[in-house]
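Good morning, and thank you for the time. I should like to take you through one protein model, beginning with its charged pairs and then turning to its interior and its surface.

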Amino acid sequence: MERLLLTLLVVAFFALCLLGMWRGWRRQARTQSVEFAPFPEVPAEPGTPVLPAARGVYVCSTRAGHWQQRIVTRGAGVRSTAALRLYPGGIEVLREGAPAFWIPRESVLAATVARGMAGKVMGTDSLLVITWRLAGTDIDTGFRGEDTDSYPQWIDALGADTVEKGTQE
């Protein structure tokens, strides 16, 4: 009987922890829905891809320069398998199980590699981070590609002004 009671207490503790995390995530999403404009939708006719699609994992989007402040509103915080496609007018971020979004080319401020973002930290510069502006707010979008050797092509193709290395602040 004592063992059963302890087991139930441990299960209840973990259930409360999960409930707290879920409520915190939802509260953060509500707060950010006022701060951040919706991510742009992919145009119906984006054109011909400039580079072959990069496949990998969409890690997250954060406020630029704050690599642990994940944006969770409107599904932006969902880490998922993804593909990046570069078109003349922008970048399509096609995610499995989450809405795709579009980064307009004129909004791209920088492209770089980094060691980590919220939810993903590695020992090497294995993330492609695209800094872009959405309605006056700078955002970092992180992508972990299957082929990290393609990152220099992406950075060159984006014509980014700055290429920095290392973990974001």
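With which residue does Asp125 form a salt bridge? The partner is Arg115, and the closest N and O atoms of the two are 3.5 Å apart. Please bear in mind throughout that this is a predicted model. Asp125 sits in the loop between β7 (120-121) and β8, whereas Arg115 sits in the loop between β5 and β6 (116-117), so the salt bridge ties together parts that are 10 residues apart in sequence. Neither loop residue is buried: Asp125 is partly exposed at 24% relative accessible area, and Arg115 is likewise partly exposed, at 38%.

In total, the structure contains four salt bridges. Another of them joins the side chains of Glu35 and Arg63, with an N to O distance of 2.4 Å. This pair links distant parts of the chain, since Glu35 belongs to helix α1 and Arg63 to strand β1, 28 residues apart. Glu35 is partly exposed, with 41% relative accessibility, and Arg63 is partly exposed as well, with 26%.

A further salt bridge connects Glu92 with Arg85, where the closest N and O atoms are 3.5 Å apart. Is Glu92 buried or exposed? Glu92 has a relative accessible area of 11%, and residues under 20% count as buried, so Glu92 is buried. As a general point, side chains of opposite charge can pair when their charged atoms come close.

Let me now move to the interior. In soluble globular proteins, nonpolar side chains tend to be buried together. Here the largest nonpolar core has 28 residues, and those touching the most other members are Leu84, Ile91, Ile103, Ile130, Trp132 and Trp154. At least two residues of this core come from each of β1 (54-63), β2 (80-87), β3 (90-95), β4 (101-104), β5 (108-114), β8, β9 and α2 (151-158). The element that gives the most is α2, with five residues.

Ile91 illustrates how these elements meet. Leaving aside residues up to four places away in sequence, Ile91 touches Leu84, Arg85, Leu86, Phe101, Trp102, Ile103, Val108, Ile130, Trp154 and Leu158. Arg85, which appears among these contacts, is also the salt-bridge partner of Glu92.

There is, in addition, a second, separate core of eight residues, including Val59, Cys60, Ala114 and Leu127. Cys60 is buried, with a relative accessible area of 0%. Cys17, by contrast, is partly exposed, at 32%. For those who work with cysteines, how many disulfides does a search of the whole structure find? The search finds zero. A disulfide, to recall, is a covalent bond between the sulfur atoms of two cysteines.

Two features of the surface remain. Met1, Leu4 and Leu8 form a nonpolar patch there, and together they have about 390 Å² of accessible area. Of these three, Leu8 lies in helix α1, which spans residues 2-35.

The other feature concerns the backbone. Most residues other than glycine have a negative phi. Ala135, however, has a positive phi of about 50°. Where is Ala135 found? Its place is the loop between β8 (127-134) and β9 (137-145), and Ala135 is exposed there, with a relative accessible area of 66%.

Thank you for your attention.

Conventions
Residues are numbered from 1 along each chain as its sequence is written. This is a predicted model: local features need pLDDT of at least 70, side-chain atom pairs count only at pLDDT 80 or more; totals for chains, interfaces and linings use all residues. Side-chain values use heavy atoms; hydrogens and water are left out. Patches are made of residues with over 30% relative accessible area and no salt bridge: like charges are joined within 9 Å, nonpolar side chains (Val, Leu, Ile, Met, Phe, Trp, Tyr) within 5 Å. Accessible areas come from the Shrake-Rupley method with a 1.4 Å probe; for residues, only the protein chains shown count as cover. Helices (H or I, at least four residues) and strands (E, at least two) are DSSP runs, numbered from the N terminus. A disulfide is a pair of cysteine sulfur atoms within 2.5 Å. Buried means under 20% relative accessible area, exposed over 50%, partly exposed in between (1.4 Å probe, protein chains only). A nonpolar core is a set of buried Ala, Val, Leu, Ile, Met, Phe, Trp, Tyr and Cys residues joined through side-chain atoms within 4.5 Å. Contact means heavy atoms within 4.5 Å.
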